[in-house]
Amino acid sequence: QVQLVESGGGSVQAGGSLRLSCVASGATSTMGWFRQAPGKEREGVACIVNDRTIEYADSVKGRFTISKDNAKTTVWLQINSLKPEDTAMYYCAAAAGPGYWKLEGTYNYWGQGTQVTVSS
């Protein structure tokens, strides 16, 4: 069982930046970030697959950067040029096996989430 703890969310103005962190209790090769805005489905925004391949949702490319430490237990999400539409609860997720990175079912472990609120 892997526990995930997110941090780094907050309230910022449009154009600002945040760095989200996710600390895992064990090493996993695939870790990603999802977000869920009010009234919307949870969506994948970024993932490091098998500690090598980095994936981004089209809506965040160029603004979001995912990275992972060498110990494979911490993953960060750097969010720049924040927009009001980025407002959501952001969740860290970890997968124990293979699967398409955007599918929630790929992931075995989830954090509790960290709120990001962007004002215009």
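Visitor: Which side chain meets R35 in a salt bridge?

Guide: This model is predicted. R35 is buried, with a relative accessible area of 6%. Its partner is partly exposed, at 33%. The N to O distance is 2.7 Å, and the partner is E43.

Visitor: Which residues are linked with R35 in a network of salt bridges?

Guide: The structure holds six salt bridges. Some of them form a network that includes R35. The residues linked with R35 there are E43, R63 and D86.

Visitor: How many residues apart in sequence are the parts that E104 and R42 tie together?

Guide: The side chains of E104 and R42 meet in a salt bridge, at 3.0 Å from N to O. E104 lies in the loop between β9 (88-95) and β10 (109-110). R42 lies in the loop between β4 and β5, so the pair ties together parts that stand apart in sequence by 62 residues.

Visitor: Is R42 buried, partly exposed or exposed?

Guide: Buried means under 20% relative accessible area, and exposed means over 50%. R42 has a relative accessible area of 23%. That value falls in between, so R42 is partly exposed.

Visitor: In what order do the four strands of the open sheet stand?

Guide: Strands of a sheet pair through backbone hydrogen bonds, either parallel or antiparallel. In this open sheet the pairing is antiparallel. β1 (4-7) and β7 (64-68) stand at the edges, each with a single partner strand, so one side of each has no neighbour in the sheet. The order is β1-β3-β8-β7.

Visitor: By what angle are neighbouring strands of this sheet turned against each other on average?

Guide: The four strands form an open sheet with antiparallel pairing. For the angle, direction is ignored. On average, neighbouring strands are turned against each other by 15°.

Visitor: Which residue in β8 stands opposite K68?

Guide: K68 lies in strand β7. Five bridges join β7 to β8 (residues 74-79), and the two run antiparallel. Opposite K68 in β8 stands V75.

Visitor: What is the N to O distance in the salt bridge of D51 and K68?

Guide: D51 lies in the loop between β5 and β6 and K68 in strand β7, so the pair ties together parts that are 17 residues apart in sequence. D51 is partly exposed, at 28%. K68 counts as buried, at 16%. Their side chains meet at an N to O distance of 2.5 Å.

Visitor: What value is phi of D51 near?

Guide: Most residues other than glycine have a negative phi. D51 has a positive value. N50 also has a positive phi, near 55°, and is found in the loop between β5 (43-49) and β6 (53-56). D51 is in the loop between β5 and β6 as well, and its phi is near 60°.

Visitor: Is N50 buried, partly exposed or exposed?

Guide: Exposed means over 50% relative accessible area, and buried means under 20%. N50 has a relative accessible area of 43%. The value lies between those cut-offs, so N50 is partly exposed.

Visitor: Which residues is T28 in contact with, leaving aside its neighbours within four places in sequence?

Guide: T28 is found in the loop between β3 (18-24) and β4 (30-36). At 7% relative accessibility, T28 counts as buried. Two of its contacts, D51 and K68, meet each other in a salt bridge. The contacts of T28 are V2, D51, K68, K72, A94 and A95.

Technical notes:
Residues numbered from 1 in each chain as written. Predicted model: local features only at pLDDT ≥ 70, side-chain atom pairs only at ≥ 80, totals over all residues. Heavy atoms only, no water. Pairing = 2+ DSSP bridges. Axes fitted to C-alpha atoms, helices over the stretch in contact; angles between N-to-C directions. Buried < 20%, exposed > 50% of the residue type's maximum accessible area, 1.4 Å probe, protein only. Contact = heavy atoms within 4.5 Å. Salt bridge = Lys/Arg side-chain N within 4 Å of Asp/Glu carboxyl O.
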